[in-house]
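Here is a short report on one chain of a predicted model. Look at the strands first, then at the whole chain, then at the place where two chains touch.

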Amino acid sequence: MINLIEDGMLEDKADRFYELLLLLYPEAYRNRFGVEMLYTFQDMRAEEQTKHGNAGIDFWSSILIDTVLSALHEHGDILRKEGMKKYLHQTLKLNNYNLISLILLLPFLLMGCIDFAGRILQGDLGHYNPATYAALSQTPLYWYPILFTWVILFPILAVVISLVPLAINSKKSSWSGITYLRQNPVSVVIITVGILLLAAVKLHDFLPCMVHSISLQGFGKLPTIISLCRKA
Amino acid sequence: MSKPKAFSNANVSLTPQIFYILLSLATKARHGYDIMKQVENDSQGNVKLGPGTLYGAIKRMLEEKLIVAVDSDETRRKYYKLTEKGKTIFSSELQRYNGAVTLAKKRNLFTDPKTVKAGLTHD
């Protein structure tokens, strides 16, 4: 696999971040076009810096959207050509650790979707929907300590289980943890989602409030929005 | 029955991205960023390609043998140029556009977009 960092191509954090984004693409595609894409990104960023002094939110949001949409397209392309079974094992390199971690994250993800849908229905993303929570509190999922189990324990377990292959193989001289993560983007996604979900426990009103306020007012009044949402 | 390929013959319509990439490569071989800038200029800013969209299109065009990668002086940057098949498809697409434009002119269908917009607003 092409290692851009070892090749000395990555001069700064922005390039390193873009290389991380490239992990979203299927490995074969990344090996074929990754270096060229990084070159193109560097050219785009240099032009943006010449024009505006720095690469701003507009630049980064367009890069993010372009990367996510085209990566999804490439994965869909392989899925259509090779079928689900081959895609999961050869392209995504999904292993049993990934499957267990995904199952552990499901209850929280499901609850997050219900919470978000409730907020959309009431037209106020900054506060939870009382009707939704009244209904949910009647289910065993909301009883302590069950709530604690799937909201805190399961995401922690999911992250830890995703890291098990790293721990098992760390003593092998040829083993590189970074290589494992590069070749198993699902593990990276699970670890990221797990950490974000744990953060969401603390920030479950703050984050929807930020999304809602930024969508209405834009990024211009960001400091005001942050201070308002902290009180949400 | 297998699905027909997007570029299997010269009668298919090309997407705006593919069309403008072919247009940018019609005059000379270019590398990724050069293609991106040329497409933006040629389309007057209407078609903007990010690295992901650009290389997705390049991948499909390589698979369909519309373009090929060529060696360059620079060590890593790859240049792309049209193949004979690419030239044929691009040429027939231009002829198709030309036919449509000629017909539209004959039927007096060309109107100033500003006039049309104003008419719609007043109605």
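Strand β3 of chain B spans residues 79-82 and has two faces. Which residues lie on the covered face, and which on the uncovered one? B:Tyr80 and B:Leu82 are covered. B:Tyr79 and B:Lys81 make up the uncovered face. In a regular strand, side chains alternate between the two faces of the sheet.

Strand β3(B) also has partners. The table lists them.

| Partner of β3(B) | Residues | Sense | Bridges |
|---|---|---|---|
| β1(B) | 30-31 | antiparallel | two |
| β2(B) | 67-70 | antiparallel | four |

Individual residues show how the strands line up. B:His31 has B:Tyr79 of β3(B) as its bridge partner. B:Tyr79 belongs to the uncovered face. B:Leu82 of β3(B) stands opposite B:Ile67. B:Leu82 belongs to the covered face.

Now step back to the whole chain. Chain B has five helices and three strands. Along the sequence, they run α-β-α-α-β-β-α-α. Chain B has 123 residues, and 24% of them count as buried. Take the contacts in chain B between residues at least 6 apart in sequence: 44% of these join residues at least 24 apart.

Chain B also meets chain A. Here, 14 residues of chain B are in contact with 18 residues of chain A. Helices α2 (32-42) and α3 (51-63) of chain B each supply at least two residues of the touching side. The largest share comes from α3(B), with seven residues. By type, the side of chain B that touches chain A has five nonpolar, five polar and four charged residues.

Definitions and conventions
Residues numbered from 1 in each chain as written. Chains lettered and ligands numbered in written order. Predicted model: local features only at pLDDT ≥ 70, side-chain atom pairs only at ≥ 80, totals over all residues. Buried ≥ 20, exposed ≤ 12 C-beta atoms within 10 Å, placed from the backbone. Contact = placed C-beta atoms within 7 Å. Pairing = 2+ DSSP bridges. Nonpolar A, V, L, I, M, F, W, Y, C, P; charged D, E, K, R; others polar.
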